[in-house]
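Let's take a walk through this model, from its two ligands out to the domains, strands and loops. Have a look at the structure first, and then read on.

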Amino acid sequence: MEVRCRAPGKIILAGEHAVVHGAAAIAASIDLYTEVRISLHPSGQENELLELDLKDMGLNLSWPCSQLKEVLGDCSADGSVLVSCTSEKLELLSGLVAQKNMPQENVQLNSGLYAFLFLYTSILGYKPGKAVVTSELPMGSGLGSSASFCVALSGALIALSEGFSLKTKEKKDQFSFRKNDLELISKWAFEGEKIIHGKPSGIDNTVSTFGNMIKFKKELKTTNPMMPLNSTTPLKMLITDTRVGRNTKSLVSSVSERVLRHPDTMSSVFNAINSISDELALLVESPAEYKVEVSEKEEKLKELMQMNQGLLQCIGVSHESIETVVRTTMKEKLVSKLTGAGGGGCVLTFVPTLLSAAVTEKVISELEQCGFRCFMVEVGGPGVQVFPC
Ligand SMILES: Nc1ncnc2c1ncn2[C@@H]1O[C@H](COP(=O)(O)OP(=O)(O)OP(=O)(O)O)[C@@H](O)[C@H]1O
Ligand SMILES: C[C@@](O)(CCO)CC(=O)[O-]
Ligand SMILES: [Mg+2]
């Protein structure tokens, strides 16, 4: 049995970090994906293995299924029953990964490996199999690589779990998940994100699962925290990868520490960010039919992004490299803001409809001279998808 699943990365247009503390945020999927292909081997053979092939990193890891069972103990392995990773289990998972003596430069991968082992064994138990992972997303750069990995993995595992059948689309040989399955996949991915991030808001796994553009607010406990947005104009974004490494877990915890030191001030900043997200949500859904309306709308969008970047700097998650991108693009009156956790990683620059190709090229060339990598993304595509093998 074999299945292939892919899930997109994301950009956050407004509200990162503040969303962890209850404010609204706006996120959209992008056309860069992580793909996970899992094949199950027949059970009852000798030397059964669980294998993980991280293609982009050239890393091949495997664990004997009998060892996983011995270390992790009996588990119910039911994809429909959600469980969280306890700190005791995390300790056991870290022992299983430590045995592999991974090279020091791959140490940041450990949390992804814990999430892999946790999700696989919680959903499929100790069934022998092989997972092959490839990703178009730069890892640890703010484009939601961790969430797209957890969503694609959870999708493949759920599709292979017992009693599960995929909905057949009208077109022959095409399958899709049902709405309930998508909710389950997003929840499992959230459990994986908790292992990688510590304290995720859930926005990244939600947008990677459902795709398009969403407004997300954790406080909406009575209803779904996710509200789909119907963007009326296509948004063109230039992404600049500063190539400055960072990790979301430590940035999220540095913001929480600042909240402890300045609770009232930080709460006011989060309120301001919440208003930016509210305004942005109204703006992207508002119709703009004529050139003048489009450019007014774009001016407002730029201003909101600019204010959000200022507030992100104020909560301590900007970085010299991000500020260089902001200054460089501003020379051409273009607005940029960090996306995701910040501290380096990727920066978004809004590309207005009427911007000439010559100006875009000039800006890209200047950014590349600083050692950054630039690329354009399509915003608001599909979420998790499953393909027959
Ligand atoms: N393709 C992958 N294979 C294995 N692990 C991955 C993969 N992609 C991401 N990860 C795990 O996720 C970690 C990066 O997650 P992190 O949340 O810090 O960054 P991000 O998700 O790219 O950015 P952001 O959360 O700001 O959007 C990696 O260090 C690794 O542990
Ligand atoms: C920094 C953060 O707000 C976004 C990371 O993409 C963390 C989260 O919401 O889980
Ligand atoms: Mg992440």
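A residue counts as near a molecule or strand when its C-beta atom, placed from the backbone, lies within 6 Å of it. With that cut-off, 15 residues surround ligand 2, and E16, P200, S201, G340 and A341 come nearest. Helix 6 (203–210) and helix 7 (248–261) each give two or more residues to this shell; helices here are DSSP runs of H or I with at least four residues, strands are runs of E with at least two, and both are numbered from the N terminus. By class, the shell around ligand 2 has 7 nonpolar, 6 polar and 2 charged residues. The classes work like this: Ala, Val, Leu, Ile, Met, Phe, Trp, Tyr, Cys and Pro are nonpolar, Asp, Glu, Lys and Arg are charged, and the others, Gly among them, are polar.

A word on bookkeeping: this is a predicted model, where local features need pLDDT of at least 70 and side-chain atom pairs count only at pLDDT 80 or more, while totals for chains, interfaces and linings use all residues. Residues are numbered from 1 along each chain as its sequence is written, and chains are lettered from A and ligands numbered from 1 in the order in which they are written.

On to ligand 1, which has 25 residues around it, the closest being G112, S145, S146, T248 and G340. Helix 3 (110–124), strand 5 (129–135), helix 4 (145–160) and helix 5 (179–197) each supply at least two residues of this shell, and helix 4 has the largest share, with 4 residues. The shell around ligand 1 divides into 9 nonpolar, 15 polar and 1 charged.

What about helix 4 itself? All of its residues, 16 of the 16, are buried, so helix 4 is largely enclosed by the rest of the structure. Buried means that 20 or more other C-beta atoms lie within 10 Å of a residue's own, exposed means 12 or fewer, and partly exposed is in between, with C-beta atoms placed from the backbone.

Now zoom out. The protein chain splits into domain 1 (2–228 + 383–388) and domain 2 (231–378), with bounds from an automatic or database domain assignment. Their centres, taken over C-alpha atoms, are 27 Å apart. The contact (C-beta atoms, placed from the backbone, within 7 Å) takes 31 residues from domain 1 and 36 residues from domain 2. On the domain 1 side, strand 2 (25–40) gives the largest share, 5 residues. That side has 16 nonpolar, 11 polar and 4 charged residues.

Where does this leave the ligands? Both domains give residues to the shell around ligand 1, so ligand 1 lies between them. Both also give residues to the shell around ligand 2, so ligand 2 lies between them as well.

Next, some strand pairing, which requires at least two DSSP bridges between two strands. Strand 10 (residues 236–241) runs antiparallel to strand 13 (residues 373–378), joined by 6 bridges, with L238 partnered by M376 in strand 13. Strand 10 also pairs with strand 12 (residues 346–350) in the antiparallel sense over 5 bridges, and there T240 has V347 as its bridge partner.

Finally, two backbone oddities. Most residues other than glycine have a negative phi. N47, in the loop between strand 2 and strand 3 (49–54), has a positive phi near 50°. N47 is exposed, with 8 other C-beta atoms within 10 Å. N101, in the loop between helix 2 (87–98) and helix 3, has a positive phi of about 45°. With 7 C-beta neighbours inside 10 Å, N101 counts as exposed.

Notes:
Two residues are in contact if their C-beta atoms, placed from the backbone, lie within 7 Å.
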